[in-house]
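Dear colleague,

I am passing on the structure that we spoke about, so that you can look through it at your own pace. Please open it beside this message, and read the notes underneath with the model in view.

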Amino acid sequence: MEQVMRNFFLYMGKNRVATKVAKRYGMRFGASRFVAGASLDSSVNAIKKLNQKGLSVTIDHLGEFVDNAAEADEMTNHCIEAIERIAAENLDSQLSLKLTSMGLDIDVQMTIRNMRRILEAADRHDVFVTIDMEDFERCGKTIEIFTELKKEFANIGTVLQAYLYRVAEDIEKLNELSPNLRLVKGAYKESHKVAFPDKKDVDENFKKIIKLHLLNGNYTAIATHDNQIIEYTKKLVKEYNIPHTQFEFQMLYGICVEKQEELLKEGYKMRVYVPYGKDWYGYFMRRLAERPANVAFVLKGMMK
Ligand code: FDA
């Protein structure tokens with residue numbers, strides 16, 4: 001049953017008609033638990049509250065399915081505006097973005113041009129930018145673009161997903177760039193031909209790549225709410241004397257909030273991923289797919 005629901009929400013998250021309907025009817029049905037708001041202003045408020053507690057942030061202007069150059073240009077401008085705002089308000093925040101929002105499905109060269117504009121602004125204001133990883137179909141292209149941009153810009157990182165069979169090989173190939181990587185389990189519906197179907201195997205692979213990237217001496221963001229993985233990382237860094245300046249934990253806005261503060265109190269760096277924007281729908285569906293309990297939460301919100 002859990003798998004059926006997961007597939008349903010992942011399908012709905014990719015459905016263009018559902019996306020358009022959701023856009024029109026606004027942020028309802030409990031999405032505000034996971035999304036800071038529709039505007040940059042609302043995300044700035046959320047960042048300030050998190051920063052006051054000592055939590056670092058990465059903001060993500062939500063947007064997927066960009067299918068023309070003007071929209072990609074608009075998304076690029078949004079990112080630059082967010083970087084300038086982070087700097088102007090002196091916020092402890094990085095920026096995360098998706099290459100499909102920058103035009104990946106339209107034209108790779110245009111995407112790279114848009115990314116250069118963003119990274120130049122980020123460089124000027126000393127803001128770090130992480131390229132999120134999308135589905136398997138776009139993984140290879142994303143890594144190629146990251147590799148090209150990493151040679152020109154220091155303040156860029158990307159994400160690798162533990163559920164993919166190829167991930168350990170990607171980590172080894174990227175090692176010559178000493179990349180700052182965010183490691184995650186992976187949020188998309190993938191074929192068993194490219195990704196581990198069993199959670200147990202994903203978890204084992206996750207531990208394997210955390211160890212690999214940390215022992216390669218690279219900065220590692222362990223982005224998970226899974227206690228078992230968090231405890232594994234704590235033991236590993238202790239055993240190998242890995243300094244706290246070489247890694248951080250990351251979690252999503254509104255998820256395991258107490259744990260975020262607990263890790264901070266224990267002396268670990270903790271960064272919260274704060275999504276905002278009117279295109280909240282696909283992101284919201286992926287969060288529902290991860291946890292059936294969230295669906296009950298949403299249903300309660302609808303009843304109210
Ligand atoms: P897992 O799914 O096993 O969850 C462990 C426990 O965490 C659950 O039992 C539950 O208690 C809690 N939990 C997890 N998800 C929850 C939810 N939605 N609501 C409530 N509780 C929940 N993926 C991707 O493919 N590309 C990307 O670029 C990113 N980027 C990214 C950034 C950051 C900062 C995070 C934290 C995650 C991502 N992800 C991602 C998502 C990631 O791949 C994964 O889908 C989620 O983090 C859930 O997996 P966990 O590692 O938390 O473990």
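The largest nonpolar core has 80 residues, and those with the most contacts inside it are Ile59, Leu95, Leu97, Met115, Ile118, Leu160 and Val274. If you select Ile118 and set aside residues up to four places away in sequence, you will find that Ile118 touches Thr76, Cys79, Ile80, Ile83, Leu95, Leu97, Met102 and Val129. Apart from this core lies another, of 13 residues, which includes Leu62, Trp280, Tyr281 and Met285. Please keep in mind throughout that this is a predicted model.

As for the chain as a whole, the protein has 12 helices and 8 strands, and 54% of its 304 residues count as buried. Among contacts between residues at least 6 apart in sequence, 73% join residues at least 24 apart. The chain exposes about 14,500 Å², of which carbon and sulfur atoms supply 52%.

One residue that you might follow by hand is Val167, which is found in helix H7, residues 167-174. Is Val167 buried or exposed? Its relative accessible area is 1%, and because buried means under 20%, Val167 counts as buried. Leaving aside neighbours within four places in sequence, Val167 is in contact with Leu160, Gln161, Ala162, Asn205 and Ile209. The last of these, Ile209, is 42 residues from Val167 along the chain, yet their C-alpha atoms are separated by 7.7 Å.

Gln161 also leads us to the ligand, since a polar side-chain atom of Gln161 lies 2.8 Å from one of the ligand's oxygen atoms. In addition, an N or O atom in the side chain of Arg182 is 3.4 Å from a nitrogen atom of the ligand, while a polar backbone atom of Ala187 is 3.0 Å from an oxygen atom of the ligand. On its own the ligand has 930 Å² of accessible area, and the protein covers 86% of that.

Which residues surrounding the ligand are the closest? They are Lys185, Gly186, Thr224, His225 and Glu290, out of 24 residues that surround it. By class, this shell has 10 nonpolar, 6 polar and 8 charged residues. Strand E4 (156-161), strand E5 (181-184), strand E7 (247-252) and helix H11 (281-290) each supply at least two residues of the shell, and the largest share, 3 residues, comes from E7.

With best wishes

Terms used
Residues numbered from 1 in each chain as written. Predicted model: local features only at pLDDT ≥ 70, side-chain atom pairs only at ≥ 80, totals over all residues. Heavy atoms only, no water. Near = heavy atom within 4 Å. Polar contact = N/O pair within 3.5 Å; in protein donor to acceptor, adjacent residues only side chain to side chain. Areas by Shrake-Rupley, 256 points an atom, 1.4 Å probe, with all protein chains shown as cover. Helix = DSSP H or I, 4+ residues; strand = E, 2+ residues; numbered from the N terminus. Nonpolar A, V, L, I, M, F, W, Y, C, P; charged D, E, K, R; others polar. Core = buried A, V, L, I, M, F, W, Y, C linked by side-chain atoms within 4.5 Å. Buried < 20%, exposed > 50% of the residue type's maximum accessible area, 1.4 Å probe, protein only. Contact = heavy atoms within 4.5 Å.
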